[in-house]
Amino acid sequence: MLRTVEAEIIPRLMLLHRGQRQDAEHALQAAASAAPLDDADVERLAAALLAGSEQAWSCLQAVQQRGVTPVPLCLDLLSPAARRLGEWWSDDRCDFTQVTIGLGRLQALLHRITAGLQTVPASVARPLSAVFAPAPGEQHTLGLSMVRDFFRAAGWQVHGEPIDQPHALLTLLRRTRFDLVGFTLGAERHVDALATLIGDARSASINRDLRVMVGGPLLLAQPDLCERLGADATATDASRAILAAHDLVVKQG
């Protein structure tokens with residue numbers, strides 16, 4: 001369960017200003033220079049998530065008041081707090097129900113954070129568009145909501161409704177043009193099904209130049225899977241993923 005929690009809550013994509021690469025690098029440096037977060041912050045948030053919604057929100061607000069911006073909040077606080085809950089469950093410090101409720105509260109915090117993100121105006125002739133879906137068989141999709149929010153804040157037009165069935169994705173691709181499809185993959189047993197879906201997605205899409213990205217813990221451990229899956233790119237560094245997506249669509253399109 002710990003591996004699953006980590007895979008689903010750690011965002012593979014973070015907010016970056018779309019445009020010149022130099023501007024994006026400046027945005028990365030600004031995020032890196034924000035008020036540091038440490039293990040004590042993670043411990044406090046994890047405990048607050050188990051204590052209650054109000055306690056979790058108060059804990060998050062205390063960190064925000066230190067000037068920590070949304071991106072490091074998600075990458076350096078919410079993500080490690082989710083892992084901490086998984087560790088506590090593995091160590092029998094809390095049960096499965098407590099972890100599930102805690103993750104639900106964490107998702108509520110995520111929505112509060114990303115709701116305040118300012119959308120970056122597009123720097124291309126038309127807004128880039130994307131749709132995200134889990135690999136067939138993947139049941140844990142919490143991280144996808146974070147992915148969608150960050151892409152949307154970076155100026156992309158993102159399909160907002162969750163897609164949990166391959167046929168729903170293929171139907172959508174047949175009727176709506178998207179520049180990018182992103183998939184999350186957490187388990188080896190879903191590799192073949194995802195490879196098949198990626199091929200079907202390219203065939204179904206009304207955009208003949210559809211680009212495909214994949215992410216997840218399996219890709220971090222086995223980056224060569226990207227080619228085996230038939231995808232165009234993956235991002236092992238979360239802070240570079242939106243740049244990679246932009247390059248795929250704009251520079252190779």
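Begin by selecting strands E1 and E2, which pair in the parallel sense over 2 bridges. What is on the screen is a predicted model, and the tour moves outward from this pair to the rest of the sheet and then to a pair of helices.

**The first pair of strands**

With E1 and E2 still selected, look for Ala130, which stands opposite Val158 in E2. Next, select the whole of E1, residues 129-134, and turn on its side chains: Ser129, Val131 and Ala133 point one way from the strand, while Ala130, Phe132 and Pro134 point the other way, and all are buried. In a regular strand the side chains alternate between the two faces of the sheet. Since 6 of the 6 residues of E1 are buried, the strand is largely enclosed by the rest of the structure.

Stay in E1 and pick out Ser129, which lies in this strand. Is Ser129 buried or exposed? Ser129 counts as buried because its relative accessibility is 7%, and the cut-off for that class is under 20%. If you display what surrounds Ser129, leaving aside its neighbours within four places in sequence, you will find it in contact with Trp156, Gln157, Arg177, Phe178, Asp179 and Leu180.

**Across to E3**

One of those contacts, Leu180, leads to the next selection, strand E3, which covers residues 180-184. E1 and E3 run parallel and are joined by 5 bridges. To follow the pairing by eye, find Ala130 again, now as the residue opposite Leu180 in E3, and then Phe132, which stands opposite Gly182 in E3.

E3 is mostly covered, with 5 of its 5 residues buried. Both of its faces are covered, with Leu180, Gly182 and Thr184 on one side and Val181 and Phe183 on the other, all of them buried.

**On to E4 and the helix between**

Add strand E4, residues 211-215, which runs parallel to E3 and is joined to E3 by 5 bridges. Two residues already visited serve as markers here: Leu180 stands opposite Arg211 in E4, and Gly182 stands opposite Met213 in E4.

Now select helix H9, residues 191-204, which together with E3 and E4 makes a right-handed β-α-β unit. Helix H9 lies across E3 and E4, and runs at about 160° to E4.

**The whole sheet**

Select every strand at once, and the order E2-E1-E3-E4-E5 appears, an open sheet of 5 strands with parallel pairing. Which strands stand at the edges? They are E2 (157-158) and E5 (233-234), each of which has a single partner strand, so one side of each is left without a neighbour in the sheet. Helix H8, residues 166-175, packs on this sheet, where it touches E1 and E3, and its direction makes about 165° with that of E1.

**A pair of helices**

Leave the sheet and select helix H4 (residues 53-64) together with helix H5 (residues 70-90), whose axes come within 12 Å and cross at roughly 130°. That angle makes H4 oblique to H5. Two packed helices are described by the angle between their axes and the distance between the axes. The handedness can be followed in the viewer as well, since H4 passes H5 in a right-handed crossing. To see what lies between the two helices, show the side chains of Leu60, Val63 and Gln64 in H4, which meet Leu73, Leu77 and Leu78 in H5.

Then move to the loop between H4 and H5 and select Arg66, which lies in that loop. Arg66 is partly exposed, because its relative accessible area is 39%. Pro36 is a useful companion selection, for although Arg66 and Pro36 are 30 residues apart along the chain, their C-alpha atoms are separated by 9.3 Å.

**Stepping back**

Finally, show the entire protein chain, whose secondary structure comes to 12 helices and 5 strands. Colour the 253 residues by accessibility, and those that count as buried make up 51%. Among the contacts in the chain with a separation of 6 or more, 77% are accounted for by residues 24 or more positions apart.

Terms used: Residues are numbered from 1 along each chain as its sequence is written. This is a predicted model: local features need pLDDT of at least 70, side-chain atom pairs count only at pLDDT 80 or more; totals for chains, interfaces and linings use all residues. Side-chain values use heavy atoms; hydrogens and water are left out. Buried means under 20% relative accessible area, exposed over 50%, partly exposed in between (1.4 Å probe, protein chains only). Helices (H or I, at least four residues) and strands (E, at least two) are DSSP runs, numbered from the N terminus. Two strands pair if DSSP finds at least two bridges between them. A crossover is right-handed if, with the strands pointing away from the viewer, the path from the first strand over the helix to the second runs clockwise. Axes are lines fitted to C-alpha atoms, for helices over the stretch in contact, and angles run from 0 to 180 degrees between N-to-C directions. Angles under 35 degrees count as roughly parallel, over 145 as roughly antiparallel, 65 to 115 as roughly perpendicular and the rest as oblique. A crossing is left-handed if the near helix is turned anticlockwise from the far one by less than a right angle, and right-handed if clockwise. Contact means heavy atoms within 4.5 Å.
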